[in-house]
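Thanks, everyone, for making time this morning. I would like to walk you through one model, beginning with a local detail and working outwards, so please have the picture open as I talk.

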Amino acid sequence: MTSTPDDTPRAAAAATAGSPDGRVQQDELLQRVVQGAHETIDRLADRAAPHVGRLHDGVHDAQERLHAKADALRETGDEWTESLRETVREHPIAAIATALAVGVLIARLTR
């Protein structure tokens with residue numbers, strides 16, 4: 001069976017819009033369409049909610065792991081800095097000579 005333009009809800013509403021009964025039917029049709037849309041959106045939201053929850057949990061876990069890694073790297077950097085400070089305090093002349101050698105090397109590489 002083929003559909004004609006008169007079979008569509010819009011055509012039916014337009015055909016009956018001139019009479020008071022037609023206006024009531026048009027309002028009822030609109031309410032049914034709106035109610036159907038609300039029900040569809042509610043069903044989609046119910047189906048999506050568990051997936052969104054799992055995604056949220058995964059992002060939260062990843063965020064916690066990243067913060068833990070950042071803290072560990074910060075601690076490692078602090079340890080290296082303190083170790084370097086101790087080495088410079090124990091061997092100041094060697095530290096100055098090393099810094100001078102590195103500076104000369106960088107200067108020659110950048111020319």
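Let me begin with glutamate 82, which forms a salt bridge with arginine 85, their closest N and O atoms lying 3.9 Å apart. I should say straight away that this is a predicted model, and that the distances I quote are computed from its coordinates. Both glutamate 82 and arginine 85 sit in helix H2, three residues apart, which is about one turn of the helix. Glutamate 82 also meets the side chain of arginine 89 in a salt bridge, again with 3.9 Å from N to O, and thus Glu82, Arg85 and Arg89 are linked in a network of salt bridges.

How exposed are the members of this network? Glutamate 82 counts as partly exposed because its relative accessibility is 33%, and arginine 85, at 46%, likewise counts as partly exposed. Arginine 89, on the other hand, has a relative accessibility of 60% and therefore counts as exposed.

The count of salt bridges comes to three, and among them is the one between aspartate 71 and arginine 74, where the closest N and O atoms are 2.8 Å apart. These two residues also lie in helix H2, three residues apart, or about one turn of the helix, and aspartate 71 counts as partly exposed because its relative accessibility is 38%.

Turning to helix H2 itself, it covers residues 20–90, which makes 71 residues, and it reaches 99 Å from its first C-alpha to its last, close to the 105 Å expected at 1.5 Å a residue. Where does H2 bend? The bend, of about 35°, is at alanine 48, and a proline, proline 50, follows within four residues.

Stepping back to the protein chain, we have three helices and zero strands, and buried residues make up 2% of its 111 residues. The chain exposes about 10000 Å², of which carbon and sulfur atoms supply 62%.

Finally, a word on confidence, since some of you will want to look at particular regions. The chain averages a pLDDT of 86, and 83% of the residues score at least 70. Among the elements, helix H3, residues 92–109, has the highest mean pLDDT, at 95, whereas helix H1, residues 9–16, has the lowest, at 53. Where pLDDT is low, the predicted coordinates should not be read in detail.

Key:
Residues are numbered from 1 along each chain as its sequence is written. This is a predicted model: local features need pLDDT of at least 70, side-chain atom pairs count only at pLDDT 80 or more; totals for chains, interfaces and linings use all residues. Side-chain values use heavy atoms; hydrogens and water are left out. Buried means under 20% relative accessible area, exposed over 50%, partly exposed in between (1.4 Å probe, protein chains only). Accessible areas come from the Shrake-Rupley method with a 1.4 Å probe; for residues, only the protein chains shown count as cover. pLDDT is the predictor's confidence in each residue, from 0 to 100. The expected span of a helix is 1.5 Å times one less than its number of residues. The bend at a residue is the angle between axes fitted to the seven residues ending there and the seven starting there. A salt bridge is a side-chain nitrogen of Lys or Arg within 4 Å of a carboxyl oxygen of Asp or Glu.
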